[in-house]
Amino acid sequence: MYSVASYGSMMADQVRMETYVQALRQSVKPGSVVLDIGAGTGICALLACQLGARRVYAVEPNDAIQIAREIAAANGYADRIEFIQDLSTNITLPERADVIVSDLRGVLPFLGHHFASIADARRRHLAPGGVLIPQHDTMWAAIVTAPKLYAEFVEPWEQHNHGFNMQAARKLVLNTWSKGRVAADQLLTEAKPWAELDYSTLESANVSADLHWNITQPGDAHGVLVWFDTVLADGVGFSNAPGGGAAVYGSAMFPFLKPVAVQIGDNVDARLSANLIVDDYLWSWQTTIRQQQAVKAEFRQSTFFGTPLSPSQLRRRASEFSPSLNEDGRIVSFILGRMAGEISLRELADQLLTEFPARFPTHRAALAKVGQLSQQFSR
């Protein structure tokens, strides 16, 4: 969940915000119905009203929607914006929208159930002939020399290890990726398109494709850099390529297991994959660097190897494992099993205190627990 300060940073990003304003100005007409998915503190909903929208549905699961309500009232738009604190996939609107605006991306568009949310909104909430903002994202990738970004991965384990061998941790973090910015002259190859995300047709949340580059600049190759360009509306968009773009997005650095000195004429083959597993993406990048036909380096990396898992954790995930609830599970089950709209949270906290006295020494502690689960699961 984003903080209110995070929504402020997104709004203050001129590259991002000015382009969204332009796209809304081009798409919202007097009398339009607009759906704002991931409305945050409501800037796009307000802009839609300012442009003449008859009705705006602002959907946001975050509690920041309370701030959006106050801002709408302060600007005289409370009667034209209906705020809905939920996921767009859970709601049914009384009418379809002429314009659906969203920005559910993180550093990259691959964030949680972003694509499924857009596909659902397109099918259930968009009027025939309606407009989606954004329309299209293009994913790009290049080989990069980025010593500072690479150092953030390895320096703690190589230079601040107090003399201990910490290669296990070093290898693990090199199977993760991070947000980073580089200058355009740090690319050692041309940028190649990795994926096209057309939100008017997109259904699958997963992407896997091969890439091939020829080295055009000598240097130490530290990894694969990935970013996206976006088209928000016809003729309206921006690029997040190195040297420009919106600061709130950035680029994603997928590091190699070790830097590789490359020369002009070397070539690089890679297969980059992003697969949604439950709520998070599993990334893999398999890279081979050759000089003529000779292999200089070959890496098989995945965020699967970037997560420390103990044998006991792995055993609990095995398909043949028969789970039983621990005490935390029994507490959650006890509370949820009694949330049937028949007793108050105070009464439920009393029962919890009686059933689990060692875990909840005070009524206040028990009430905090049932309140937490009520906020998460009750209607």
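**View 1. P134 sits in the loop between β5 (126–133) and β6 (136–144).** This is a predicted model, as are all the close-ups that follow. The thing to look at here is the peptide bond that joins I133 and P134: it is cis. Its omega comes out at about 5 degrees. In strand terms, residue 133 closes β5 and residue 136 opens β6, with P134 in the loop that links the two.

**View 2. V278 takes a positive phi without being a glycine.** Its phi is about 60 degrees. You'll find V278 in the loop that runs between β13 (267–277) and β14 (280–291). Is V278 buried or exposed? Its relative accessible area is 64%, and anything over 50% counts as exposed, so V278 is exposed.

**View 3. Q292 is another non-glycine residue with a positive phi.** Here the angle is about 55 degrees. Q292 belongs to the loop between β14 and β15 (294–302). With a relative accessible area of 68%, Q292 is exposed.

**View 4. L108 belongs to the largest nonpolar core, which has 85 residues.** Which residues make the most contacts inside that core? They are I81, L108, F110, M139, W194, V226 and W283. Zooming in on L108, and skipping residues up to four places away in sequence, you can pick out its contacts with M139, V226, W227, F228, A252 and W283. A second core, separate from this one, has 13 residues, including L149, F153, L174 and V182.

**View 5. I84 is a buried residue of strand β3 (residues 81–84).** The relative accessibility of I84 is 16%, and the cut-off for buried is under 20%, so I84 makes the grade. What does I84 touch once its neighbours within four places in sequence are set aside? The list is Y57, A58, V59, E60, I65, I91 and L93. For a sense of scale, take L373: I84 and L373 are 289 residues apart in sequence, and their C-alpha atoms are 20 Å apart in space.

**View 6. S251 is a buried serine in strand β12 (residues 251–262).** Its relative accessibility is put at 1%, so S251 counts as buried. Leave out the neighbours within four places in sequence, and S251 is in contact with V107, S178, K179, G180, R181, L225, V226, W227 and N240. Of these, V226 also turns up among the contacts of L108, and so does W227.

**View 7. V260 is also in strand β12.** V260 has 6% relative accessibility and so counts as buried. Its contacts, not counting residues up to four places away in sequence, are G219, D220, A221, I289, A297 and F299. Where does I289 stand relative to V260? The two are 29 residues apart along the chain, and 8.5 Å separates their C-alpha atoms.

**View 8. Helix α9 (residues 327–336) packs on helix α11 (residues 363–377).** Two packed helices are described by the angle between their axes and the distance between the axes. For this pair, the angle is about 65 degrees and the axes are 10 Å apart. That angle makes α9 roughly perpendicular to α11. The crossing of α9 past α11 is right-handed. On the α9 side, the contact is made by I331, V332, I335 and L336, and on the α11 side by K369, V370, L373 and F377. Sorted by class, the contact has seven nonpolar residues, one charged residue and no polar ones.

**View 9. Helix α10 (residues 345–355) packs on α11 too.** What angle do α10 and α11 make? It is about 120 degrees, with the axes 8 Å apart. The two helices are therefore oblique to each other. This crossing is right-handed. From α10, the residues making the contact are L345, R346, L348, A349, D350, L352 and L353. From α11, they are H363, A366, L367, K369, V370, G371 and S374. By class, that gives eight nonpolar, three polar and three charged residues. K369 and V370 of α11 are worth a second look: they are part of this contact with α10, and they also take part in the contact with α9.

How values were computed: Residues are numbered from 1 along each chain as its sequence is written. This is a predicted model: local features need pLDDT of at least 70, side-chain atom pairs count only at pLDDT 80 or more; totals for chains, interfaces and linings use all residues. Side-chain values use heavy atoms; hydrogens and water are left out. Axes are lines fitted to C-alpha atoms, for helices over the stretch in contact, and angles run from 0 to 180 degrees between N-to-C directions. Helices (H or I, at least four residues) and strands (E, at least two) are DSSP runs, numbered from the N terminus. Angles under 35 degrees count as roughly parallel, over 145 as roughly antiparallel, 65 to 115 as roughly perpendicular and the rest as oblique. A crossing is left-handed if the near helix is turned anticlockwise from the far one by less than a right angle, and right-handed if clockwise. Contact means heavy atoms within 4.5 Å. Ala, Val, Leu, Ile, Met, Phe, Trp, Tyr, Cys and Pro count as nonpolar, Asp, Glu, Lys and Arg as charged, and the others, Gly among them, as polar. Buried means under 20% relative accessible area, exposed over 50%, partly exposed in between (1.4 Å probe, protein chains only). A nonpolar core is a set of buried Ala, Val, Leu, Ile, Met, Phe, Trp, Tyr and Cys residues joined through side-chain atoms within 4.5 Å.
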